[in-house]
Amino acid sequence: MPRTPGELAESTDVDAVTDAVLTASRLLVAVSARSIAAVDETITLAQFRLLVILNSVGAVKHAALADQLGVNPSTASRMVDRLVAAGMVVRETNPASRREIVIELTAEGRRVVRQVTARRRKEIAKIVARMPEPTRVGLVDALSAFAEAGGEPAVATPDAAWS
């Protein structure tokens, strides 16, 4: 049985919280998709996630990137191939071990991450501003705890990652 927003807000039931997060995630995915399409309509959400990881952690080995994306190495390799062709990432020899290849953002990749993140931030800020102030109380703590429980690293600056 569907619950009203008030019932969801008062509930700590795992199912009720899960339903609320699923609803919010649909909105956030839509905001992300619109923001990406406005900057470069050829980039997928998964490819953007790859760019964000590189923007956050810097150059990374292929296997580590696949692990952080939660995909198999061949999927990561195809994603990297497309982003190399688009000029957003490069494969370079690891300066620490010349036998290894690392993937790194280009200036274009950093520009895309900055622009998409700025658009997302602006749209999310408009949504948050429409929320009643009492409803916003505790939202930062709740979302931070949710991200931490999911293993998402904290973002120090607004343009550093998905923000």
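Which residue forms a salt bridge with Lys 61? Hold that thought for a second while I set the scene.

What we have on screen is a predicted model, so please look at it in that light. Okay, back to Lys 61. Its partner is Glu 100, and the closest N and O atoms of the pair sit 3.4 Å apart. What I like here is where the two residues come from: Lys 61 belongs to strand 1, residues 60-61, while Glu 100 belongs to strand 3, residues 97-105. That puts them 39 residues apart, so the salt bridge links distant parts of the chain. Now, buried or exposed? Lys 61 comes out at 40% relative accessibility, so we call it partly exposed. Glu 100 has a relative accessible area of 26%, and that makes it partly exposed too.

Let me zoom out for a moment. The chain has 163 residues, and 25% of them are buried. In secondary structure we get eight helices and three strands. If you walk along from the N terminus, the order goes α-α-α-β-α-α-β-β-α-α-α.

Two of those helices, then. Helix 2 covers residues 14-39, which is 26 residues. From first C-alpha to last, helix 2 reaches 37 Å, close to the 38 Å you'd expect at 1.5 Å a residue. Its buried residues are Ala 16, Val 31, Ser 32, Ser 35, Ile 36 and Val 39.

Helix 3 runs over residues 45-57, so 13 residues. At 1.5 Å a residue, helix 3 should span 18 Å, and its end C-alpha atoms are indeed 18 Å apart, so the numbers agree. On the buried side of the ledger, helix 3 has Gln 47, Phe 48, Leu 50, Leu 51, Val 52, Ile 53 and Leu 54. And just after helix 3 comes Gly 58, with a positive phi of about 85°.

Back to charges. In total the structure holds five salt bridges, and I'll show you two more of them.

The next one is Arg 91 with Asp 81, where the closest N and O atoms are 2.5 Å apart. This pair also links distant parts of the chain: Arg 91 sits in strand 2, residues 89-94, and Asp 81 in helix 5, residues 73-85, ten residues apart. Arg 91 is at 37% relative accessibility, so it counts as partly exposed. Asp 81, at 38%, is partly exposed as well.

Then there's Arg 136 with Glu 133, with 4.0 Å between the closest N and O atoms. This one stays inside helix 7, residues 133-136. Why are the two about one helical turn from each other? Because they are three residues apart in that helix. As a reminder, an α-helix has 3.6 residues a turn, so residues three or four places apart point the same way. The two partners fall in separate accessibility classes, too: Arg 136 is partly exposed at 30%, whereas Glu 133 is exposed, with a relative accessible area of 57%.

Last stop, the surface. Which residues gather in a patch of positive charge there? They are Arg 119, Lys 122, Lys 126 and Arg 130. Take Arg 119 as the one to click on: it's found in helix 6, residues 107-130. At 44% relative accessibility, Arg 119 counts as partly exposed.

That's my tour, so over to you.

Technical notes
Residues are numbered from 1 along each chain as its sequence is written. This is a predicted model: local features need pLDDT of at least 70, side-chain atom pairs count only at pLDDT 80 or more; totals for chains, interfaces and linings use all residues. Side-chain values use heavy atoms; hydrogens and water are left out. Patches are made of residues with over 30% relative accessible area and no salt bridge: like charges are joined within 9 Å, nonpolar side chains (Val, Leu, Ile, Met, Phe, Trp, Tyr) within 5 Å. Accessible areas come from the Shrake-Rupley method with a 1.4 Å probe; for residues, only the protein chains shown count as cover. A salt bridge is a side-chain nitrogen of Lys or Arg within 4 Å of a carboxyl oxygen of Asp or Glu. Lys and Arg count as positive and Asp and Glu as negative; His and the chain ends are not counted. The place of a charge is taken as NZ of Lys, CZ of Arg, CG of Asp or CD of Glu. Helices (H or I, at least four residues) and strands (E, at least two) are DSSP runs, numbered from the N terminus. Buried means under 20% relative accessible area, exposed over 50%, partly exposed in between (1.4 Å probe, protein chains only). The expected span of a helix is 1.5 Å times one less than its number of residues.
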